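Subject: A structure for you to explore

Hello,

Here is the structure I promised to pass on to you. Have a look around first, and then read my notes below.

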Amino acid sequence: MSVERIEITHQGPYADGQAFGDAGAFELIRARLRYAVNPMLEDHQRITDLECANRGTDGCVRFSGDLVLIRPQDPSSGNGALVIDVPNRGRSLLPGALNRTPAELSVSDPQHPGDGFLFRHGFSVASVAWQWNAPDIETLLQFQAPEALGLDGNSISGEAITDLRPSKRYASMPIEHLGQPGYPVSSDAAENARLYVREYEDDEPSEIPHDRWRFARQTDDGVVPSTRDLWIEGGFTPGRIYEIVYPTDRSPVVGTGLLAFRDAALFLRNWQRSYDRVHGFGISQSGRFLRHLLYLGLNRDPDALTQRAFDGVHIHVAGGIRGEFNRRYGQPSQLFLAGPIHEFPFADVERDDPLTGDRDGLLNRSDEQGVTPKVVKTNTSWEFWRGDASLIDIDPATDEDIPQHPQSRHYLLACTQHGPGQAEPVDSFYLTDERSMYRHNAVDQTPLMRAALVNLDRWAAGESEPPPSSVPSCANGTAARRNDVLAKLSDRVTTPDPDRLSRVRTVDWTSLPATEGDEYQGYVSAVDDDGNEVAGLRLPDLTQPIGLHTGWNPRHPETGGEDLTSHFVGLTQWMSREDIIARYGDKESYLSRVRSDAVQLAEDRAILPEDIDLVVQNCAERWDVALG
C-alpha cells in the first residue's frame with residue numbers, strides 16, 4: 001500500500017447535520033495523504049522522471065496531497081459505493097455537477113450539497129488532490145509533487161511552453177493557463193526564450209522579434225521585470241494565440257499525481273469501513289486525466305497486481321484526448337497546445353493509426369492486466385466540434401464505426417455545451433473572459449449525467465448493463481462533417497469559418513512549439529430540419545424544440561477573432577413566438593408532450609424516473625424565457 005499515513009485535520013457533521021433520505025446524515029473529513037512509492041516497480045517505470053526524485057532509505061519516493069471525504073455517518077446506510085472525484089484545477093466538481101449546486105456556490109463552496117442527489121442515493125464522495133500547480137487558494141485542493149533532480153542535486157533545467165489567449169488588449173499577461181500558474185522563467189537564460197503568434201488554432205506560428213517583448217509586468221509605476229509575466233510592445237491583440245517557449249529551472253514529477261489518485265482509491269476502499277465498489281469520476285481536464293491513467297495501465301495495485309483501483313470510471317466531457325499529465329515540464333491545465341494531449345490512441349480498442357502506422361488502444365494495458373473497469377464516457381456537442389470526440393468511435397481513415405469495447409459505453413449528450421446550460425441568457429464565460437456572439441446554450445444535461453453514473457454503478461455491481469452507446473455513426477447516417485453542418489445552418493445564424501476550426505493532427509513535440517502533421521478527420525452529429533442534432537441522447541429540448549441549440553458559438557467581435565469559436569460554450573437561438581405557438585398551441589400542451597418524451601427517456605434509462613419532473617421544469621423555464 002502506497003499511502004503511508006493519513007493526517008486528519010477536520011472531522012465533523014456535513015451540511016450542518018442535514019439528513020439525506022434513507023442515507024441519513026453525513027460527515028465531512030478533511031485530511032492530508034502521505035504517499036511513498038517504489039520507483040522500481042513495473043507500473044511505476046512508466047512515470048516520467050520518477051527515478052530522478054529523491055528517495056528515502058527504503059528506496060521510496062514521497063509526496064503528499066489533500067483529501068476531502070463525505071460519507072454517511074452510519075456505514076450501513078450507504079449504497080456500498082465510493083465515487084472519487086478528480087479535482088479540476090484544484091476544485092472539486094462532482095458534488096456541484098450532479099447535485100445541481102448553483103453556479104455561484106460551486107466556486108466558493110465546492111462541497112455544497114445542492115439538491116443532495118448523490119447523498120440521497122447513498123454514495124460516499126471523495127476528492128483527491130493530484131495537480132502540482134493548483135493555485136494556493138483556500139477552496140482548492142493542494143498537491144506537493146517531488147522534484148526531478150539532475151546529477152548536481154538541483155532541479156533539471158529545460159524548456160517549457162505556455163499559450164496565452166487574450167480577449168482584451170492587455171499590456172502584459174501572466175504566464176499561466178486558465179488561472180493555473182506556469183513554470184517560472186530562469187532569468188539567467190531568458191534571452192533563449194521565443195515568442196510566437198497564431199491567428200487561429202490550426203495556423204502556422206510566426207515568431208515575434210525578441211526586441212518587441214520581455215518578461216515583465218505592466219504596473220502603475222511602469223514596466224517591471226517578472227519571472228511570471230510577459231509584456232509585449234503595443235499590447236496583446238485580442239483573439240490571437242500567443243505561445244511562449246522559455247527556459248525554466250523547475251521540474252516536478254508531474255506523473256506522481258496519477259499515482260496519488262490511484263493509491264488514494266486503494267487506500268480508501270478499506271479505510272475504517274469497506275466499499276463494495278470504488279469509481280473514478282472526472283470532468284473535462286479531470287476526465288482526460290482518467291483517460292491517461294487507464295492508458296498507462298495504472299488501474300491496479302502495484303503490489304497485488306490483480307486488485308483493481310477502480311471498478312468503474314465515469315469520464316465526462318474529455319473527448320478523445322489526454323493531457324500533459326506525465327511529461328517533464330508538463331502543464332496539467334493545458335488543453336489546446338499540440339503535444340501529448342493529441343497523441344494516438346483515441347479509441348478504447350486496439351486500432352491501426354492510419355497516419356503514423358502505430359497500433360494501440362486506450363485500454364490495451366488494462367485488458368492485458370485483466371483489470372479494465374466498467375467505463376462510461378459522456379461527451380457534449382462541444383467536444384465533437386472541437387474535432388476529437390468522434391475519434392473514439394469513428395475511424396478517421398476509413399469512415400467506419402469502431403467496434404465497442406465490451407467494458408465501455410459512450411454517449412453524446414446531444415445539443416449541449418461543455419457545462420450545463422441555463423434558462424436565463426448569458427454570453428460571457430468567467431474562466432476565459434470571452435464574450436460570445438450569441439447567448440450560451442440553454443440545454444441542461446445534468447439529468448443525463450445523473451443516470452449515467454447510476455447506470456455505471458449498477459453495471460459495476462453486476463445488477464444490469466447500461467443502455468447501448470449512442471453516438472454519431474457513419475453506418476446509420478447520423479455522423480456528418482463540420483463544414484456540411486455549418487453550411488446547413490448558415491442562413492439561421494452567423495457561423496464560424498470552417499477552415500479555422502480546431503483540428504487534431506499528428507504531432508512531434510520533441511522540439512517546441514510542436515510540429516503538426518496530417519489531420520485526423522473529425523465528425524459531428526448530423527442535424528434535423530430544426531437544426532438540432534439527430535444522434536446521441538436527446539432531451540425534450542430537441543424532440544419538442546422551441547429553439548436551435550449547438551455545440552459552438554462564434555466569438556463576439558469585441559473579443560477579437562470573431563470568425564473563431566468561443567471556448568467551452570454553444571448557442572441557443574429561440575424560435576419566434578409565432579412559430580412556437582403555431583407548433584404547440586400553448587404552454588400546457590407543450591409540457592404535456594415534454595413529459596411524455598421524458599417518461600420514455602426514463603423507460604430507456606437515459607434519465608432517472610425521479611428526474612422526469614426536473615426535465616419538465618427545465619423546459620417550462622425555457623418556454624418562459626423564449627416567449628419573453
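In which sense do E2 and strand E3 (residues 61–72) pair, and over how many bridges? They pair in the antiparallel sense, over twelve bridges. Please keep in mind as you read that this is a predicted model.

**Strands E1, E2 and E3**

E2 has a second partner to look at: strand E1 (residues 3–13) pairs with E2 over nine bridges, again in the antiparallel sense. You can pick out single contacts in both pairings. Ile 8 has Ala 31 in E2 as its bridge partner, while Arg 30 is matched with Val 68 in E3. Strand E2 covers residues 26–37, and because ten of its twelve residues are buried, the strand is largely enclosed by the rest of the structure. When you view these strands, it helps to know that side chains in a regular strand alternate between the two faces of the sheet.

**A three-stranded sheet**

Another sheet is open and has three strands in the order E8-E16-E13, with antiparallel pairing. Its edge strands are E8 (172–174) and E13 (213–214), each of which pairs on one side only. E8 and strand E16 (residues 229–232) are joined by three bridges, and Ser 172 has Trp 231 in E16 as its bridge partner. Trp 231 has another neighbour worth finding: Arg 214 lies over the face of its ring, 4.5 Å from the ring centre. A similar arrangement to look up is Arg 365, whose charged end sits over the ring of Tyr 295, at 5.5 Å from the centre.

**Aromatic rings**

A pair of aromatic rings is described by the distance of the centres and the angle of the planes. Searching the whole structure gives 26 aromatic pairs. Take Tyr 14 and Phe 119: their ring centres are 5.2 Å apart and their planes are at 65 degrees, so this pair is edge-to-face. The two residues are 105 residues apart in the chain, with Tyr 14 in the loop between E1 and E2 and Phe 119 in helix H3 (residues 117–120). Both Tyr 14 and Phe 119 are buried. Tyr 584 and Tyr 590 also form an edge-to-face pair, 5.0 Å from centre to centre and with 70 degrees between the planes. Are these two tyrosines buried or exposed? Tyr 584 is buried, with a relative accessible area of 5%, and Tyr 590 is buried too, at 1%. There is also an aromatic cluster made of Trp 130, Phe 261, Phe 289, Phe 310 and Phe 325.

**Salt bridges**

Side chains of opposite charge can pair when their charged atoms come close. The whole structure holds 45 salt bridges. In one of them, the closest N and O atoms of Asp 58 and Arg 62 are 2.7 Å apart. Asp 58 is partly exposed at 45% relative accessible area, and Arg 62 is partly exposed at 35%. Glu 324 and Arg 327 form another, with their closest N and O atoms 3.3 Å apart. Here Glu 324 is buried at 3%, and Arg 327 is buried at 10%.

**On the surface**

Finally, Val 107, Tyr 430 and Leu 431 form a nonpolar patch on the surface, with about 270 Å² of accessible area together. Tyr 430 lies in the loop between strands E24 (428–429) and E25 (434–435), and counts as exposed at 57% relative accessibility.

Enjoy exploring!

Notes: Residues are numbered from 1 along each chain as its sequence is written. This is a predicted model: local features need pLDDT of at least 70, side-chain atom pairs count only at pLDDT 80 or more; totals for chains, interfaces and linings use all residues. Side-chain values use heavy atoms; hydrogens and water are left out. Patches are made of residues with over 30% relative accessible area and no salt bridge: like charges are joined within 9 Å, nonpolar side chains (Val, Leu, Ile, Met, Phe, Trp, Tyr) within 5 Å. Accessible areas come from the Shrake-Rupley method with a 1.4 Å probe; for residues, only the protein chains shown count as cover. A salt bridge is a side-chain nitrogen of Lys or Arg within 4 Å of a carboxyl oxygen of Asp or Glu. Helices (H or I, at least four residues) and strands (E, at least two) are DSSP runs, numbered from the N terminus. Buried means under 20% relative accessible area, exposed over 50%, partly exposed in between (1.4 Å probe, protein chains only). Two strands pair if DSSP finds at least two bridges between them. Rings of Phe, Tyr and Trp (its six-membered ring) pair if their centres lie within 6.5 Å; planes under 30 degrees apart count as stacked, over 60 as edge-to-face and the rest as tilted. A charge sits over a ring if NZ of Lys or CZ of Arg is within 6 Å of the ring centre and within 35 degrees of the ring normal.
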